[in-house]
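Subject: Structure handover

Hi there,

Here is the structure I promised to pass on to you. Have a look at it first, and then read on for what turned up when I went through it.

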Amino acid sequence: MRQTRMLIPTLREVPAEAEVVSHKLLLRAAMIRQVARGIYDFLPLGVRVLRKVERIIREEMERAGAQEVLLPVVCPAELWQESGRWERYGKELLRIKDRNDRDFCFGPTHEEVVTDLVRREVRSYRELPLNLFQIQVKFRDEVRPRFGLMRGREFIMKDGYSFHLDRADCEREYDRMFAAYCRIFDRCGLRYRPVEAATGTIGGSRSHEFQVLADSGEDAIVSCDRCDYAANVEKGAIGDRAPVAGSGSAARGTGTAVRAAATAGAASASPLQAVATPEKRTVDEVAAFLRLPTDRFVKTLLYVVDGGDAVAALVRGDHTLSESKLKDALGAQTIELAPETTVERVTGAPVGFAGPVGLPTRLHLIADRALTGITDAVSGANKADTHLTGIDQARDFPDATFADLRVAAAGDACPRCDGRFVLQRGIEVGQVFYLGTKYSAALKATVLDAGGQERVLEMGTYGIGVTRTMAAAIEQNHDAAGIIWSLPLAPFHVVVVPVNWSDERLRTTAERLHDELEARGIEVLLDDREERPGVKFKDADLIGYPLRLTVGARALDRGAVELKRRRESAATEVPVAEVAARVAALVAEELRA
Ligand code: ATP
Ligand code: MG
């Protein structure tokens, strides 16, 4: 391929709208252009990378026994009403009407549509198991589309769905998909971690996310410094031992244990006392005002459960409530922070002054385990501008139930061994879920088993963000000059750069090399522009081709050209006659690895 025939409008300037590296480099390297917020054009180089990611995914899904289908982008509302998600999914679901005023949505995920297909077409257990996947455009009207391809509104996803007669078979498929995902991200050359995950709006009971490790990642994950346990902080089960300050192993054994639950268990004689805290609502505000540490506080948050009753969820002032843990602990479908009016009605006080003492007795109090036995604690008094000090859990709110409700943090105890959590950031590139019968029961997708009994299908669902994977690869592999593609994802394996296109000797050598490489099946771009060598080198580094062949007069006098890897700074001279074989061997080796 010749560069002058391609649309590759690279940019020298860093685009102002881009915050993260992958977004900047995708724009500068002429891979994408923004059309509207979270909606992009893919230029030829971007499409080449995208197709590479897709091909790896396709090959591994097929190898694992899944079959490709293509479901509609525009989906009828009726199916979403059947599952109950038409109401539940919220504003991320782009709803549209056709000319007859009928409701449709632009598919953000396809559990309903695929379950509908299977319930119509599959009758017998003999047709199971079945694993169907597609690679398709999705639309989610994200509140904050940002970071380029990392969080778009229109993006490309591989979504897969499997159907089984029983749970054991579905779990087996889950493990197969888990292994296939590992192969996919290995082949993409990414450093990643599968972590235990919350199940979000998709639902289900078992889930892992595949997190590409990168400081720019939007997700926080904890991993044990001793064993292989790792989880999203929203989900990470926290062991019973008291946390240590600092992050993980570094702090272990240094005796810097945080006061466990403000000295849990120590009998306190401190009486309850109301103190005036005018206009001080948040833990930080009250802590500063009363000059007390935040770990003495009990934070009280009211949630509405499944659109009905309220519950009061309690966490220590220095901890963060995990809504997904709360939802799991309550066995709820949905939970939502209670609106101001509900808070006022239940607590009798304005927002900011709720506390566990003196709430209506029928209100369910659910507390994080770190609050077990807390004494001499501070919380809202359920009265305007007032807090209570001297709270003793056992004495003052003995009826609370306890669960693991807080977001995991560095230094928390591993639930599996005596290790400690370390905190890392990640980009979620994929997620697998065991769904059970959540959608099949709602849509009545059943088959007849061997005994002629009707059975509701067991389901799993498996997604990969194809475009997000592209961005994640860049977040992890770049330098000051540009992208550093791994060979399997690169838009071209090698770029041939004649330093002077008007020099006939250089030009013909470059053309011959290009043709030889192409004949060997190598993806090669010939930079045939009448540009200064510096411009060509800058573009080659910015776009990030793994290999560069430079055809210059001096080396050519010795019958050689320069071969340079994007990852390395030094180049080596290779005799012209050997170049094609040498490059072909390098490419084959890296594609195999
Ligand atoms: P997130 O928590 O990042 O919003 P999600 O958990 O809602 O993602 P899933 O429903 O699990 O996403 O979708 C499967 C995959 O699709 C995700 O693992 C992610 O890689 C990708 N994905 C989801 N939302 C987006 C988006 N807005 N832009 C690009 N990729 C996305
Ligand atoms: Mg997810």
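A question to start with: is threonine 342 buried or exposed? Threonine 342 has a relative accessible area of 12%, and because the cut-off for buried is under 20%, this residue counts as buried. Please keep in mind throughout that this is a predicted model. Threonine 342 belongs to helix H9, which covers residues 340–347. Its C-alpha atom lies 27 Å from that of phenylalanine 289, a residue 53 places away along the chain.

Next, the metal site. The magnesium ion, ligand 2, is coordinated by Glu428 through OE and by Gln431 through OE1, at 1.9 to 2.2 Å. The two residues fall into separate burial classes: glutamate 428 is partly exposed, at 21% relative accessibility, whereas glutamine 431 is buried, at 11%.

Glutamate 428 also has a part in the strand pairing, as the bridge partner in S21 of glutamine 211. Strand S21 spans residues 421–436 and runs antiparallel to S10, with eight bridges between them. S10 has another antiparallel partner in strand S9 (residues 192–196), with five bridges; here valine 195 stands opposite glutamate 209 of S10. S10 itself, residues 206–213, is mostly covered, with seven of its eight residues buried.

Elsewhere there is an open, antiparallel sheet of three strands, in the order S13-S19-S18. Its edges are S13 (273–276) and S18 (377–380), each of which pairs on one side only. From one strand to the next, the twist averages 30°. S13 is joined to S19 (residues 386–391) by four bridges, and alanine 276 faces threonine 386 of S19.

S18 turns up again in the second largest pocket, which holds about 370 Å³ of space. This pocket is lined by 21 residues, and the closest to its centre are Arg281, Lys299, Thr300, Leu301 and Gly352. Helix H7 (283–290), strand S14 (298–305) and S18 are the elements that give two or more residues to the lining. S14 provides the largest share, at five residues. By class, the lining of this pocket has 13 nonpolar, six polar and two charged residues.

There are also two cavities of 30 Å³ or more. Here is how they look:

- The largest cavity encloses about 50 Å³. Its lining consists of Val495, Ala540, Asp541, Tyr545, Leu547, Arg548, Lys564, Arg565 and Arg566. Two or more of the lining residues come from each of helix H14 (533–543), strand S29 (547–551) and strand S30 (560–565). Five of the lining residues are charged, four are nonpolar and none is polar.
- The second largest cavity has about 30 Å³. Gln3, Val495, Asp527, Arg529, Lys536, Asp539, Ala540, Ile543 and Tyr545 line it. H14 supplies the largest share of this lining, four residues. The classes here are four nonpolar, one polar and four charged.

One last element: why is helix H5 described as largely enclosed by the rest of the structure? The reason is that eight of the 11 residues in H5 (residues 111–121) are buried. They are Glu111, Glu112, Val113, Val114, Thr115, Asp116, Val118 and Arg119.

Happy browsing, and all the best!

Terms used:
Residues numbered from 1 in each chain as written. Chains lettered and ligands numbered in written order. Predicted model: local features only at pLDDT ≥ 70, side-chain atom pairs only at ≥ 80, totals over all residues. Heavy atoms only, no water. Donors = N, O, S within 2.8 Å, 3.2 Å for Na, K, Ca; no water. Buried < 20%, exposed > 50% of the residue type's maximum accessible area, 1.4 Å probe, protein only. Pairing = 2+ DSSP bridges. Axes fitted to C-alpha atoms, helices over the stretch in contact; angles between N-to-C directions. 1 Å grid on protein atoms, 1.4 Å probe; cavity = no way out; pocket = protein on both sides within 12 Å on 5 of 7 lines; lining within 4 Å. Points joined across faces, edges and corners; volume = space filled by probe spheres on them. Nonpolar A, V, L, I, M, F, W, Y, C, P; charged D, E, K, R; others polar.
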